[in-house]
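Dear colleague,

I am passing on the structure we spoke of, with some notes on what came out of it. Please read them with the model open beside you.

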Amino acid sequence: MAHIQLPEGLHGIRSAMAFRPETAKPLNELVEILLHGPNSLTPGERELIATYVSSENDCYYCQTIHGAIAAASLNDNEALVKKVKYDFQSAEISDKLKALLVIAGKVQKGGKHVTSEDVARARESGATDLEIHDTVLIAAAFCMYNRYVDGLATTQPRDEAMYRERGKRVARDGYVSVSKEYLPAEVAR
Amino acid sequence: MPHINLPEGLPGITSGFAFRPETAKPMRELAHLLLHGPNTLSPAERELIATYVSSQNDCYFCQTSHGAAAAAHLGTNSGIVEQVKHDFLQAQISDKLKALLAIAGQVQQGGKQVTAEAVEAARELGATDLEIHDTVLIAAAFSMYNRYVDGLATWQPQDSSMYASMGEHLAVYGYLTPSVTPSVTPKIGN
């Protein structure tokens with residue numbers, strides 16, 4: 001049971017966002033820019049960073065929905081998503097993404113854990129300042145979203161088919177557009 | 001030195017905001033709603049929650065700037081800020097705020113650390129569901145802001161007059177617009 005009275009029939013972050021649509025708006029706009037907006041990192045790469053951080057934070061809802069969005073962005077390669085969660089160093093991803101995941105993992109532990117060596121390694125693998133910035137902010141933002149979802153003890157159904165179906169829609173339409181499904185019309189423009 | 005080429009002369013989060021204005025916009029709006037918007041928790045109470053979480057996360061810039069904003073709201077009672085950072089159970093604040101700070105401290109450790117007992121204790125002292133929600137989200141949001149500021153190794157000057165003036169500005173105007181003017185002309189690197 002959730003710690004507060006959240007709207008029934010909604011799960012995870014959706015229930016919290018519907019409870020407080022005012023804060024839902026910037027929360028959705030931030031994730032839209034970070035994961036779905038134009039970027040030199042692909043949506044698949046950015047969703048993998050979000051999934052990895054959510055997995056390290058042990059947030060079932062976030063790691064499952066972002067894992068599903070990542071898979072939908074990566075030709076339905078669910079095996080790759082699982083590999084990144086459990087052992088990204090041996091996953092079939094670029095050295096640049098591995099170096100960015102190292103930085104994301106440090107941010108998850110705490111901002112001060114990021115070392116100049118970590119950043120230098122990412123840069124040597126071709127990461128730009130903007131990509132490093134966005135990796136730090138994606139990891140930081142998921143330390144917020146994960147805490148929000150688990151800190152309210154939202155309901156998080158164990159229903160992989162639901163996440164898979166929803167992941168495809170978010171990968172295609174983005175976060176702000178899909179938020180119209182559960183937010184009042186005046187907020188979800 | 002910051003990990004990436006941030007605009008010079010801007011402290012803490014303001015350099016990250018100037019580097020990436022697209023993400024700055026919703027981050028500013030979120031802070032403004034949570035800390036400065038209409039709420040049954042006073043702005044001072046909400047700034048104290050933000051300051052406490054930033055202190056637990058050991059983020060110098062955030063705990064000092066939000067501590068200054070809390071102090072500006074508290075006026076002659078500004079000594080409460082240091083009390084809350086060091087031992088909030090002994091601070092001169094309401095029992096309800098103590099119960100909310102306990103929840104915020106649990107969120108800082110991790111979302112699953114929040115217990116039904118902590119929530120029940122807050123509710124018995126008069127906290128509403130919305131106040132509990134906002135406490136959880138403030139603590140979660142500062143788990144983001146703190147990591148953003150330290151994860152980029154931003155410039156965080158030890159300059160008490162700068163933070164005091166930031167705090168006054170934040171207390172009056174909130175978070176939608178910059179609270180500091182750069183000490184040198186900012187320039188975006190390549």
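The expected span of a helix is taken as 1.5 Å times one less than its number of residues. For helix α6 of chain B, which has 15 residues (95-109), that rule gives 21 Å, and because the end C-alpha atoms are 22 Å apart, the expected and the computed span agree. Please keep in mind throughout that this is a predicted model.

On the surroundings of this helix, the buried residues of α6(B) are B:L97, B:A99, B:L100, B:L101, B:I103, B:A104, B:Q106, B:V107 and B:Q108. What covers these buried residues includes α3 (43-56), α7 (116-124) and α8 (129-151) of chain B, together with α8 (129-151) of chain A. After α6(B) comes B:G110, which has a positive phi, near 155°.

One residue of this helix also appears in the account of the core. The largest nonpolar core has 118 residues, and those with the most contacts inside it are B:I103 and A:A141; the largest share of this core, 13 residues, is contributed by α8(A). Leaving aside residues up to four places away in sequence, A:A141 touches A:L30, A:V31 and A:L34, as well as B:M144 of the other chain. As a general background to such a core, nonpolar side chains in soluble globular proteins tend to be buried together.

Turning to the interface, 40 residues of chain B are in contact with 40 residues of chain A. On the side of chain B that touches chain A, the elements that give two or more residues are α2 (21-36), α7 and α8 of chain B, and the largest share, 16 residues, comes from α8(B). By class, this side of chain B has 22 nonpolar, ten polar and eight charged residues.

As for chain B as a whole, it has nine helices and zero strands. Its radius of gyration is 16 Å, close to the 16 Å that the globule rule gives for 190 residues, so chain B is as compact as a globular protein of that length. Taken along the principal axes, its C-alpha atoms fill a box of roughly 55 × 35 × 30 Å. Buried residues make up 52% of the 190 residues in chain B, and among its contacts between residues at least 6 apart in sequence, 71% join residues at least 24 apart.

With best wishes

Methods
Residues are numbered from 1 along each chain as its sequence is written. Chains are lettered from A and ligands numbered from 1 in the order in which they are written. This is a predicted model: local features need pLDDT of at least 70, side-chain atom pairs count only at pLDDT 80 or more; totals for chains, interfaces and linings use all residues. Helices (H or I, at least four residues) and strands (E, at least two) are DSSP runs, numbered from the N terminus. A residue is buried if 20 or more other C-beta atoms lie within 10 Å of its own, exposed if 12 or fewer, and partly exposed in between; C-beta atoms are placed from the backbone. Two residues are in contact if their C-beta atoms, placed from the backbone, lie within 7 Å. A nonpolar core is a set of buried Ala, Val, Leu, Ile, Met, Phe, Trp, Tyr and Cys residues joined through C-beta atoms within 7 Å. Ala, Val, Leu, Ile, Met, Phe, Trp, Tyr, Cys and Pro count as nonpolar, Asp, Glu, Lys and Arg as charged, and the others, Gly among them, as polar. The radius of gyration is taken over C-alpha atoms; the globule rule is 2.2 Å times the number of residues to the power 0.38.
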